[in-house]
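Visitor: Please take a close look at one part of this model, the aromatic side chains and what surrounds them. I would like one connected account rather than a list.

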Amino acid sequence: MGFLTIGSFDPADPGPGHETTLRVVELGERLGFDSAWLRHRHLQPGISSPVAVLAALTQRTSRIHLGTAVTPLGWENPLRLAEDLATVDVLARGRLEPGVSVGPPMQFEHVKASLYPDTADVEDFSYERVLRLHRFLRGDEASDFAGTQGIEVFSDRVEPHSPGLADRLWYGGASLRSAQWAGAQGLHLLASSVVRAEDGSTDFAAIQASHLRAFRDLHPTGRTSQGLVVIPTDSATPAQVEKYRAYVEHRSARVGVPQGPGRLLFAQDLLGRSDEIADRLWADAGFQLVEEVVFALPFGFEHEDYVQILTDTAAHLGPRLGWAPAS
C-alpha cells in the first residue's frame, strides 16, 4: 500500500510546500507504507521536478519505495531522464519505482516554443519514447563510442547503471490499448482514477477491470496498482470532515460523465470511515484485480490534514484491506 501527492506549494514562497512534501513522505515511512509517489505538475504550483525531490528523499528515508506517477515523457529527453533516474536509484539503494506516460505535453500549443523551439513538429510522443527510456535503463547502447580520449573515460551506456531499475518501470495507462501495450512490453501497469470511456460504457470500475484483465493476459507476472483518492475520516475533526466533504462534492459533478475529446471518466473520490471505504473498495471491480494500491492525497490541504489521512489509512483502512505495515 502506498500513497501519492502532487506537493502543492505557494508560488510566492515555494520552500515550505516542498519541505511539507518531504515531511509527509517521512511520516509515510514511519507509518509503514510500502511506497510514496510524486506526480509532475509542470508550470503549476505543484512539484515540477519529482526526480530532484526524490533525490532529497533518498537521504531522509531508508526503506520506503519512491515512485513517480507519472512522469509525462513528452516533457523529457529519455537519455537524460535515464541518467537522473539511475542516479536516484543508486542513492536510494534500489528503491526507485519510475512511472511514465506518453502523449504531447499538456498545453502543448502554448509551451512548445519554449520546450521544443526547433523540433516541435517532429517530436515523437508515441510509445517509442518509453521504449527508448527502457533500453537506456537496461544498459543498452546509448553511444557508438566507448573508450578513452586523453584523460577522460567514456561509456557507451548510461552511467551510473543501476541493475534492476529497468525491471521496475511502470506505465500509466488509461485506455485498453495502453494496458495491452504495457503488458506486451513487460512493463508494470499503474491504473489511476482516470480511464477513457470506450465502447459507450460509463461504468468506471468495469472499464478499469477490463484494462487490468487485458494487461494480465499478456503479462501474467506483471505488477498492477490502482490509484484512487481515498479520505478516511476516523480521527478527523468536524472541521476537517466539512472541508473534505466540500472537496469531494466539488469534484463529483464530473463523475460518470465523459470529459473532453478524450472522453475521460473520473473515479468517485472515497470519503468516510475506514470500514465504509473498505466495503466500497472490496466491491470495486478494479480493486479486486490489483495487488497494490496507491491512494492519492487530495491537493491543496494542510499538513495536519495529510497527517490525519495517512495515519487513519495506516491504522484503520489498511488492516481492513488485509495490509500490514512494513517494519
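Guide: Phe301 and Tyr306 are both buried. The model is a predicted one. The ring centres of Phe301 and Tyr306 lie 6.4 Å apart with the planes at 20°, so this pair is stacked; the cut-off for stacking is under 30 degrees. Phe301 and Tyr306 also belong to one aromatic cluster, together with Tyr244, Tyr247 and Phe299.

Tyr244 leads from this cluster to a polar residue. Its side chain is in polar contact with the side chain of Gln308, at 2.6 Å. Gln308 sits in helix H10, residues 303–320. Gln308 counts as buried because its relative accessibility is 6%, and the cut-off for buried is under 20%. Leaving aside residues up to four places away in sequence, Gln308 touches Pro232, Thr233, Asp234, Ser235, Ala236, Gln240 and Tyr244.

The structure holds 14 aromatic pairs. One of them is formed by Phe3 and Phe33, which meet edge-to-face, 5.1 Å centre to centre with 80° between the planes. This pair links distant parts of the chain: Phe3 is in strand S1 (residues 2–5), while Phe33 is in the loop between helix H1 (14–31) and S2, 30 residues apart. Phe3 and Phe33 are both buried.

Phe3 brings in the nonpolar core. The largest such core has 82 residues, and Phe3 and Leu133 are those with the most contacts inside it. Leu133 touches Leu73, Pro78, Leu81, Ala82, Leu85, Val100 and Leu169, again not counting residues up to four places away in sequence. Apart from this core lies another, of 6 residues, with Trp75, Phe108, Val111 and Phe125 among them.

The loop that holds Phe33 lies between H1 and S2, and from S2 the strand pairing can be followed. Strand S2 (residues 35–38) runs parallel to strand S3 (residues 65–72), and 4 bridges join them. Ser35 stands opposite His65 in S3. Between S2 and S3 the chain passes through helix H2 (residues 50–58), in a right-handed β-α-β crossover. S3 pairs in turn with strand S4 (residues 96–101), in the parallel sense and over 5 bridges. Gly67 has Glu97 in S4 as its bridge partner. Helix H3 (residues 78–92) forms a right-handed β-α-β unit with S3 and S4.

Terms used:
Residues are numbered from 1 along each chain as its sequence is written. This is a predicted model: local features need pLDDT of at least 70, side-chain atom pairs count only at pLDDT 80 or more; totals for chains, interfaces and linings use all residues. Side-chain values use heavy atoms; hydrogens and water are left out. A nonpolar core is a set of buried Ala, Val, Leu, Ile, Met, Phe, Trp, Tyr and Cys residues joined through side-chain atoms within 4.5 Å. Buried means under 20% relative accessible area, exposed over 50%, partly exposed in between (1.4 Å probe, protein chains only). Contact means heavy atoms within 4.5 Å. Two strands pair if DSSP finds at least two bridges between them. Helices (H or I, at least four residues) and strands (E, at least two) are DSSP runs, numbered from the N terminus. A crossover is right-handed if, with the strands pointing away from the viewer, the path from the first strand over the helix to the second runs clockwise. A polar contact is a pair of N or O atoms within 3.5 Å; within protein, one must be able to donate a hydrogen and the other to accept it, and residues adjacent in sequence count only if both atoms are side-chain atoms. Rings of Phe, Tyr and Trp (its six-membered ring) pair if their centres lie within 6.5 Å; planes under 30 degrees apart count as stacked, over 60 as edge-to-face and the rest as tilted.
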